[in-house]
Amino acid sequence: MLTESDTRAKLIDPAIHRRGWTEDLIRREETAGAIEIGDSGPRRRSRGRIDYVLRVKATLDSQPVAVALIEAKAEHLPPTHGLEQAKLYAACKRLNVPFVYSSNGHLYVEFDRFTGQTSAPAPLTEFPVPADMRARYEKHMGFTLDLPAARPLLVRYAGGEATRRYYQDAAIRAVLEKIARGKKRALLALATGSGKTFIAVNLLKRIADAGQLRRALFVCDRDELRAQGLSAFQNVFGADAAAVTGDNPQKNARILVATYQTLDVDTDDADANFLLTHYPENYFSHIVIDECHRSAWGKWSQVLTRNPLAIQVGLTATPRRLDIKEDTKEFRNDAQVTADNIRWFGEPVYEYDMAQGIEDGYLAACEIRRFDLFHDNKDLNERESGVSRQDLAGKKLKDAATGEGLSKDEARDYYDAPSLEDHLLMPERVAAMCRSLFDQLLAVGEPEQKTIIFCRRDRHADDVASALNNLYADWCARKNRPRAEPYAFKCTAASGGNEYLADLRGASRRYFIATTVDLLTTGVDVPCVRNIVFFKYVRSPIAFYQMVGRGTRLYAPDGKLMFRVFDYTDATRLFGKEFVVKHQPPRERKYKPSAEGAAERVLSVEGFQVRVTAAGRYIVTDEDGKAMPVTVEEYKERLAARLVAEAPTLEKFRSVWVVPPQRRDLISHLPDAGRSAPMVRSLEGMLDYDLYDVLAELGYGMAPKTRGERADSFTYKQEGWLKGMPAETAAVIRAVAGQFARSGTEGLENPAVFQTPEVIHAGGLAALKAMGKPSEVLMETKERMFEA
């Protein structure tokens, strides 16, 4: 019985080669490998998913154009196995190809994205030849590859294809295909950290090498992104790329890198003076707008409207639609931003979201920990109850600016949750939240973790930094450890926070916790951040995705492969929401604002008892193509259901587990490309257990054993078997079983097991030969290990 990989190598590859699909027309797109949370923390799987993509060429020397994906099925399965319509369509979108083929080595079926039809099974000897597939691609696309408009599609990557990722190529092709159809505008939606600048650089480079770029403008938000963008463009374009500054419009450059601020188009009040003065209409042949979700149409749209003949590409890191049942100013603004982008650019030609990035291993895995806040003895949490004037009775109330004592009658009738730490300061609330967060940092490691805390106002950011510094100083004193100072610091626009960004990013022994308001929401690349904390209430989904995006980047220097979100304000409810607002009438407030003037005064109140309670742990996973948090329990249920579907009984599971290729194939079919099992092991505190026991308990109710317990039980339960062999051989097998206690299944299968001191001392490889082939003896040992 041939596995999927065997089917591909022994049956499919030879068959399609005979149909003209030579090696240069087949691209193996391998992802980075999903991130697993294991015994020693997060680690990357040794191999990622491999997609086999079929490509066609217009000429011998041209860049091949991807047109199809081919999937292998085990030989004994029908070619349609597991190919739901939604899965087929998603594969087409993910790789930006019109056709998906599935074959068991004998028969194949085809899914056509253009028609939405799946064909009946046909012999692999009749698989389409490259010329026929190219003709079908061109017919449905509406252009031929030999047209001048399609020339950029045929230009090879300047630095080869080794460094680009599959989705970056898919995004670039999607834009070039739209241009080839005669359209001038395109929108790309890719998660923060997925390399949008790489896409912009290589998109313009291929257009330039096709002889179709006269002068391009790349517009980004803030000086730091301009510096990052300039470096990327100069690596490819050299001196032809230059940064626009207030005193230099760089009119001799071919690629201009500018900020909204430099062009005087960053706000509705800006006069666009720099843009109008230096760049006449249609000055640019190509424009790329980064962060095009930054604000509603406003002044910056003049960059586009003054260049109507230019090819215009918008880049955004937020989903394109919003489905929120809240009628607030923030949601209406987000809806307007999105509507403006869709109206101008059209629907995104390609999307790559956070869930896909996590599954592929290009973005850090994400765990969410949610918390509820309760005031005094209320049964309702803070979000539901807010603070009423009656709640202030018996409390110490004062003017936050002057310290003047006040009566509760001078307060508002009601403070909703988002107004806390804005119009009503609550020191006990800050203290309780900071204590909770500090305890959480200790629970998942040391307190010295790079962390961004989003606060309500500058004063709130000050208070939070101060409280955390005090907690840290107390902890260091108890541990007799020197303090790393500064530990927590305010990083806001009002405090000149830009000065501290380099320290947050680069200092390894100080500047650990940044308290901010808006400065760190966008335009700041800090890959080392391990924790995102919400102490402020967030109503804008666009802002939320930007905030979470500060944690999604991987960071090789310290091995960062995952990050955590500590959510005290229910901000993560915005995960997976589509950007389409459904209007609902505003809810009638339980309490109405008091007399004019009272709402403008910022008050401080002392005397509240604030409780912080855990409200659940969640995993961000792919839910119908969107990044969504699901509870750990629900995640376990999904994992168990998928496991039992793949291996219906414990006996079947055990027989698959001991055969490495079959085990890898089984794990790859579990949720999140195999990341689910190690993630559950970590979250459930089962790091001393082999994945076999974690899965056997979830799927089949087997009482789990730690690796040490399983190795010990093997020794006494297999005593009869061991006594029937030479003493030296039995000693080696016992020593090998001891390696299972240390490293689990992979320890038994590692060839280096025979180089360990314990195994060598017992007699080593030579002693096993007394029982036959060592590989067969090891296999039997492994089978008996999981019987124990």
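**Exercise 1. Which residue's side chain meets that of Arg601 in a salt bridge?** Locate both partners in the chain and classify their accessibility.

*Solution.* In this predicted model, the partner is Glu410, and the N to O distance between the two side chains is 3.5 Å. As a check on the assignment, a salt bridge requires a side-chain nitrogen of Lys or Arg within 4 Å of a carboxyl oxygen of Asp or Glu. The next step is to place the residues: Arg601 belongs to the loop between β27 and β28 (603–606), whereas Glu410 belongs to the loop between β20 (405–406) and β21 (414–415), so that the pair links distant parts of the chain, 191 residues apart. Finally, Arg601 counts as partly exposed because its relative accessibility is 26%, and Glu410 counts as partly exposed at 32%.

**Exercise 2. Examine the salt bridge between Asp372 and Arg383, and state whether each residue is buried or partly exposed.**

*Solution.* The side chains of Asp372 and Arg383 meet with an N to O distance of 3.0 Å. Asp372 lies in strand β17 (residues 365–375) and Arg383 in helix α12 (residues 382–385), the two being eleven residues apart. For the accessibility, buried means under 20% relative accessible area; Asp372, at 15% relative accessibility, therefore counts as buried. Arg383, with a relative accessible area of 32%, is partly exposed.

**Exercise 3. Explain why Glu719 and Lys723 are separated by about one helical turn, and describe their contact.**

*Solution.* Both residues belong to helix α23 (residues 719–723), and because they are four residues apart in this helix, about one helical turn separates them. Their closest N and O atoms are 3.2 Å apart, and the two residues form a salt bridge. In general, side chains of opposite charge can pair when their charged atoms come close. As for accessibility, Glu719 is partly exposed at 37%, while Lys723 is exposed at 63% relative accessibility. To set these pairs in context, a search of the whole structure finds 50 salt bridges, and a network of salt bridges links Arg27, Glu29, Arg55, Glu161, Arg164, Asp169 and Arg173.

**Exercise 4. Determine which residues of strand β14 point one way and which the other, and identify the strands that pair with β14.**

*Solution.* Strand β14 covers residues 286–289; His286 and Val288 point one way, Ile287 and Ile289 point the other way, and all are buried. This can be compared with the general rule that in a regular strand the side chains alternate between the two faces of the sheet. Turning to the pairing, strand β11 (residues 216–220) and β14 pair in the parallel sense over four bridges, with Leu217 standing opposite Ile287. Strand β15 (residues 311–316) also runs parallel to β14 and is joined to β14 by four bridges, and in β15 the bridge partner of His286 is Ile311.

**Exercise 5. How many residues does helix α13 have, and what distance does the helix reach from its first C-alpha to its last?**

*Solution.* Helix α13 (residues 427–443) has 17 residues and reaches 24 Å from its first C-alpha to its last, which is close to the 24 Å expected at 1.5 Å a residue. Its buried residues include Val430, Met433, Leu437, Phe438 and Leu441. After the helix comes Gly445, whose phi is positive, near 155°.

**Exercise 6. Classify Arg550 as buried or exposed, and find a backbone oxygen beside its side chain.**

*Solution.* Arg550 is placed in the loop between α16 (541–549) and β27 (562–567). Because its relative accessibility is 6%, Arg550 counts as buried. A polar atom of the Arg550 side chain lies 3.0 Å from the backbone oxygen of Gln546.

Technical notes
Residues numbered from 1 in each chain as written. Predicted model: local features only at pLDDT ≥ 70, side-chain atom pairs only at ≥ 80, totals over all residues. Heavy atoms only, no water. Buried < 20%, exposed > 50% of the residue type's maximum accessible area, 1.4 Å probe, protein only. Pairing = 2+ DSSP bridges. Polar contact = N/O pair within 3.5 Å; in protein donor to acceptor, adjacent residues only side chain to side chain. Expected span 1.5 Å × (residues − 1).
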